[in-house]
Amino acid sequence: MTSTYRVQLTPDFGFGEVARLAGYLRELGVGHVYLSPILRAVPESRHGYDVVDHSGIRAEFGGLEGLHELAATGLPLVADIVPNHMTVPVPESENAQLWSALRDGPASPHARWFDVQWPVDLPILGDEPGGLVVDGPVLRYYDHEFPIRRGTEHLPLPELLEAQHYRLVNWRESPGYRRFFDVSSLIGLRVEDPVVFTATHAVMLSLVEDGLIEGLRVDHPDGLADPRGYLERLRPRVPGPLWVEKILIDAERLPEDWPCDGTTGYDSLNMVTRLFVDPAARDSLIETFTRHTGVSQDYESVRYAAKRQVIEQFFRGEVDRLVAALGDAGLREAAVELLAAMPVYRAYVNPGEQPPAESVRIIQAAASEAAARTDPDAVAKTANLVLYGPAEAVTRFQQTCGPVMAKGVEDTALYRWYPLASLNEVGGEPDRWGVSAAEFHEFCAGLPPRTMTTLSTHDTKRSEDVRARLAVLSELPEEWALAVDSWASAVRFDPKLDYLAWQNLMASWPITPERFTDYLLKAAREAKTTVSWQRPDPGYEEGIREFARRAIDVCGYSVASFTAVVDRYARVNSLGQKLVQLMMPGIPDVYQGSEITDFSLVDPDNRRPVDFDRRRALLTAPDDSWDGQKLLVTTTALRLRRRLDPALQYVPIETCEHAVAFARGDRAVAVATRLPVSLERRGGWGSETLMLPPGRWRDLLSGHEHTGRIPMAHLLSRYPVAILER
């Protein structure tokens, strides 16, 4: 395997449409096509993670026949699988296993499928009374429907409700089941049960066995009771690549005992992003941020407050189950503080086993922080129980850490603290500024050879080229401050949102008022400072719409002018980060459309249809635009990767601070420009040189040949990057 190309399947972009791209993708240099989930989901789903039936492939995509036709194009396939959860559809009868479990309760053969407490609370009721109707063996509530327990059909409604294996509660309440983060429409599966594993994986593993699918990407393994055990069961059935969507924080590494090829690449994405950020602007950009927003300079305090808020607002039910497993109701506050202090998504403690030293260190460090906020003895007892206590307590704590991190940090704190929004990415830390080339080399030296690397995904907060533009602000902090001061004086709405708006307006320019409004509405709801998904405010949201319209109408010309200046340098960052990601250790993934510039924001914006006709035309008739240069870098690197062993040694090459360079064995060399603004201000490369490894090298972009020590000004005279093959 040499590379992947991720496609986001939708009801109007299925297997047939991907098959028609086969020639283009092959010419681009793609090794494998990487498919979003293909099992039956809610029919109108645009992402496929809301699986409703594991026994078949989505008809909207073309079904099994369509998948065979796609495989017949000759491009090998890998696919996304979703072991953590199924959907609670509307109507609920569309999930046959859930329907059986709700009808027959613990006696149902499908009760073992779901991680529930009986009777299970179902949060679907509105704030107004009424709406419940008995219709034979079915209880209806508007578009919802639920099975009625046999023999209770003729009871009066109040008694009938009491007699079921479920309780209907207000939509704001916690459900009586483990879910995906705070999404009550996704119910947790118990794939640790061999029967459930077999039933939910039969189709996908048969596709692997038959050779239609070569590898798998596992969605959200942190939600599972036993991720390692799950992978140990899966790995022997998947001889091809096996990746996990694991979010690693800073220096955290994938557990060594997980039998898989690596992560889906957020760790690499964040390191590459930081490589093109100038840390010298940290204090200046934080000052501008705090001056505009009034938010604290201390990210940790914002992070803590966000985690506490989501625990109380969304995860009371999860904490209740954890405290019950701990066996002491007096430990509730200690458990909450320990969850809020956890710095990672999961510490990987398995019941009945001696915890790894790193897991103990992480939990003890979190306990030390939590003990400063509540009863130290209670915290110490709680930490001991989640490390060495009952299996249920150990597992529940592990399964609760991830949702609290995801919702508290990724979907709350990162929308509140954003001095430089390119750092606010999945798994990123916005107060962890640029890294040096030496730090990047050290990171690459520790990467598994077949881990996935990426720059953009269907879940990134903003696309790679949006981040390339934002990185330039770290080199233009004074110019940025003047520009944003000017815009903010002309159009203002909410100080806690406006500064994020101006960064993303500039970095995604040009953008329609509709797209910009949709982004800001989501950002405001995620930040939860004024509105949230649970607590809408029509007046505030109308204010967002008016702000978005006026920001573009009043400041659009100025924003465009500033962006034009930024783009002189953002192009350098864009090409540099693309080259580094495609040539560093691992299997590089290209997210659909990102072979040329793409200025998308968070989903669903980054799942919009891709203009493949434009990309085909540009591949056929290249030009020297930013798009043309990015396509050239992408296709040149992908084609070169076809000729290289993924396990080739990574060899750092010494450079000045304005470049990063490395070799892959004795076969290839990658060179990229860093910090282009300060490079220009110092007068260019001057006398800087780079010593190539022994041999004669051809730059695949320019066609020039080089050997020995070469002036940087000569090597990078045509493009700000070089891809050399021996």
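Me: How many of the 11 residues of helix α11 are buried?
Reply: In this predicted model, α11 spans residues 316-326. The helix is largely enclosed by the rest of the structure, because its count of buried residues is eight.

Me: Which residues of α11 are buried?
Reply: Buried means under 20% relative accessible area. Gly317, Glu318 and Val319 meet that cut-off in α11. The others are Arg321, Leu322, Val323, Ala325 and Leu326.

Me: What covers the buried residues of α11?
Reply: The cover includes one strand, β12. It also includes helices: α10 (299-314), α12, α14 (376-388) and α15 (391-410).

Me: Which residue follows α11, and what is the sign of its phi?
Reply: The residue after the helix is Gly327. Its phi lies near 80°, so the sign is positive.

Me: What is the strand order of the open sheet that holds β12?
Reply: The sheet has three strands with antiparallel pairing. β6 (85-87) and β12 (179-180) are its edge strands, and each pairs on one side only. The order is β6-β13-β12.

Me: Which residue of β13 is the bridge partner of Arg179?
Reply: β12 and β13 (residues 183-188) run antiparallel and are joined by two bridges. In β13, Arg179 has as its bridge partner Ile187.

Me: Which strands stand at the edges of the sheet β8-β9-β10?
Reply: This open sheet also has antiparallel pairing. An edge strand has a single partner, so one of its sides is left without a neighbour in the sheet. That applies to β8 (132-135) and β10 (144-147).

Me: What does the twist average from one strand to the next in the sheet β8-β9-β10?
Reply: The sheet is open and has three strands. From one strand to the next, its twist averages 25°.

Me: Which residue of β9 is the bridge partner of Val134?
Reply: β8 and β9 (residues 138-141) run antiparallel, joined by four bridges. Opposite Val134, the partner in β9 is Leu139.

Me: Which helix lies across β9 and β10?
Reply: The helix covers residues 96-104. It runs at about 55° to β10. It is α4.

Me: How many residues of strand β18 are buried?
Reply: β18 covers residues 587-591. Ile587, Asp589 and Tyr591 point one way, Pro588 and Val590 the other way, and all are buried. The strand is largely enclosed by the rest of the structure, because the count is five of the five.

Me: In which sense does β18 pair with β1 and with β17, parallel or antiparallel?
Reply: Three bridges join β1 (residues 4-7) to β18, with Arg6 partnered by Tyr591. Two bridges link β17 (residues 452-453) to β18, and Thr453 stands opposite Pro588. For β1 the strands run parallel; for β17 the sense is also parallel.

Me: At what angle do α17 and α19 pack?
Reply: α17 covers residues 464-473 and α19 covers residues 495-507. Their axes are 9 Å apart. The crossing is right-handed. The angle is about 120°.

Me: How many nonpolar residues are in the contact of α17 with α19?
Reply: α17 contributes Val466, Arg469, Leu470 and Leu473, and α19 contributes Gln503, Met506 and Ala507. By class, one residue is polar and one is charged. The nonpolar count is five.

Me: What span does α23 reach from its first C-alpha to its last?
Reply: α23 (residues 626-642) has 17 residues. Of these, 14 are buried, so the helix is largely enclosed by the rest of the structure. At 1.5 Å a residue, the expected span is 24 Å, and the helix comes close to that. The span reached is 24 Å.

Me: Is Asn350 buried or exposed?
Reply: Asn350 sits in the loop between α12 (332-341) and α13 (357-371). Leaving aside residues up to four places away in sequence, Asn350 touches Asp226, Arg228 and Val394. Its relative accessible area is 14%, so Asn350 is buried.

Me: Is Ala59 buried or exposed?
Reply: Ala59 is found in the loop between β4 (51-57) and α3 (63-71). Its C-alpha is separated by 9.3 Å from that of Gly14, 45 residues apart along the chain. With a relative accessible area of 65%, Ala59 is exposed.

Definitions and conventions. Residues are numbered from 1 along each chain as its sequence is written. This is a predicted model: local features need pLDDT of at least 70, side-chain atom pairs count only at pLDDT 80 or more; totals for chains, interfaces and linings use all residues. Side-chain values use heavy atoms; hydrogens and water are left out. Axes are lines fitted to C-alpha atoms, for helices over the stretch in contact, and angles run from 0 to 180 degrees between N-to-C directions. A crossing is left-handed if the near helix is turned anticlockwise from the far one by less than a right angle, and right-handed if clockwise. Contact means heavy atoms within 4.5 Å. Ala, Val, Leu, Ile, Met, Phe, Trp, Tyr, Cys and Pro count as nonpolar, Asp, Glu, Lys and Arg as charged, and the others, Gly among them, as polar. Two strands pair if DSSP finds at least two bridges between them. The expected span of a helix is 1.5 Å times one less than its number of residues. Buried means under 20% relative accessible area, exposed over 50%, partly exposed in between (1.4 Å probe, protein chains only).
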